[in-house]
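Trainee: Please take me through one part of this protein in detail, beginning with a loop and then following the strands it leads to. I should like each technical term explained when it is used.

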Amino acid sequence: MTQSEIRQSNATQPEAKLGQEPNASAKAIDVAVGILMRPNGDVLLGQRPQGKPYAGYWEFPGGKVEANEDVASALRREFMEELGVSIVCAEAWCCVEHVYPHAHVRLHFYISRHWEGEPQSLEGQAFAWQGAVDVQPLLPATIPLLQDLDEVRRAVQS
Ligand SMILES: Nc1nc2c([nH]c(=O)n2[C@H]2C[C@H](O)[C@@H](COP(=O)(O)OP(=O)(O)OP(=O)(O)O)O2)c(=O)[nH]1
């Protein structure tokens, strides 16, 4: 995946600030998050491993953008590290901020319909392909996006 393959989607661009108002003095941590979407609209979720904040909660795979790394590179790296999957192309979907007790995060969500490799649990986490997302608990910042995601899933199916 190159920068040119990261396209802005016009379909859904919720610019939401979720949860508490972000503390202006707390620097937001950028997080790259990828939603793998099968042709039938199913999406892949993973369960956060022990030792992390919100262990046991379900999330879309991804992780923090490192220093001197762009979001697209972080997405590629996280998917290779966590799942052994190579993202071929992905589309920027939306960006949301959330203030957790442990961090103020800025989540950059991408949707990918084209990847290479079968997801493997390289960090011991559970995974689940879901239609309408039905795993619980989900990370609080991710829950409000599910309705918009359902619209994308339906558009893919039709
Ligand atoms: N991957 C992912 N993170 C999410 C989602 N929703 C959400 O609020 N987050 C938050 C939880 C965490 O505060 C942050 C991700 O940080 P992380 O600690 O999992 O990142 P990482 O894998 O780089 O972890 P580490 O190297 O620091 O152990 O983003 C989501 O759907 N997917």
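Mentor: P137 is placed in the loop between β9 and α2 (146-157). These labels number, from the N terminus, the DSSP runs that count as helices (H or I, at least four residues) and strands (E, at least two). The peptide bond leading from Q136 to P137 is cis, with omega near -5°. Most peptide bonds are trans, and most residues other than glycine have a negative phi.

Before going further, please note that this is a predicted model, in which local features need pLDDT of at least 70 and side-chain atom pairs count only at pLDDT 80 or more, while totals for chains, interfaces and linings use all residues. Residue numbers start from 1 along each chain as its sequence is written.

Two further loops contain a backbone exception. Y54, in the loop between β4 and β5, has a positive phi of about 60° although it is not a glycine. N68, in the loop between β6 and α1 (71-83), is also not a glycine and has a positive phi of about 60°. As for their surroundings, a residue is called buried if 20 or more other C-beta atoms lie within 10 Å of its own, exposed if 12 or fewer do, and partly exposed in between, with C-beta atoms placed from the backbone. Y54 has 15 other C-beta atoms within 10 Å and is therefore partly exposed. N68 has 6 C-beta neighbours inside 10 Å, so it counts as exposed.

Now turn to the strand that precedes the loop of P137. Strand β9 (residues 127-130) pairs with β4 in the antiparallel sense over four bridges; two strands are said to pair if DSSP finds at least two bridges between them. Strands of a sheet pair through backbone hydrogen bonds, either parallel or antiparallel. Within this pair, L45 stands opposite A128, and V43 has Q130 as its bridge partner. On β4 there is also a pairing with strand β5 (residues 58-59): two bridges join these antiparallel strands, and Q47 has W58 as its bridge partner. The result is an open sheet of three strands in the order β5-β4-β9, with antiparallel pairing. Because β5 and β9 stand at the edges with a single partner strand each, one side of each is left without a neighbour in the sheet. Strand β4 (residues 43-47) is mostly covered, with four of its five residues buried.

A further set of pairings involves β3. Six of the eight residues of β3 are buried, so this strand is largely enclosed by the rest of the structure. It pairs with β8 in the parallel sense over eight bridges and with β6 in the antiparallel sense over three. A32 illustrates both pairings, since its bridge partner is H108 in β8 and G63 in β6.

The strands β3 (29-36), β6 (62-64) and β8 (104-116) return when the ligand is considered. The shell around the ligand has 18 residues, the closest being E59, G62, G63, K64 and A141; a residue belongs to it if its C-beta atom, placed from the backbone, lies within 6 Å of the ligand. β3, β6 and β8 are the elements that give two or more residues to this shell, and β6 supplies the largest share, three residues. By type, the shell divides into 11 nonpolar, four polar and three charged residues. Here Ala, Val, Leu, Ile, Met, Phe, Trp, Tyr, Cys and Pro count as nonpolar, Asp, Glu, Lys and Arg as charged, and the others, Gly among them, as polar.

One residue of β8 deserves a separate word: H114. With 14 other C-beta atoms within 10 Å, H114 is partly exposed. Apart from its neighbours within four places in sequence, H114 is in contact (C-beta atoms, placed from the backbone, within 7 Å) with V88 and C89. Its C-alpha atom is separated by 9.6 Å from that of P39, 75 residues away along the chain.

Finally, consider the protein as a whole. It has two helices and nine strands, which follow the pattern β-β-β-β-β-β-α-β-β-β-α along the sequence. Of its 158 residues, 30% count as buried.

Methods. Two residues are in contact if their C-beta atoms, placed from the backbone, lie within 7 Å.
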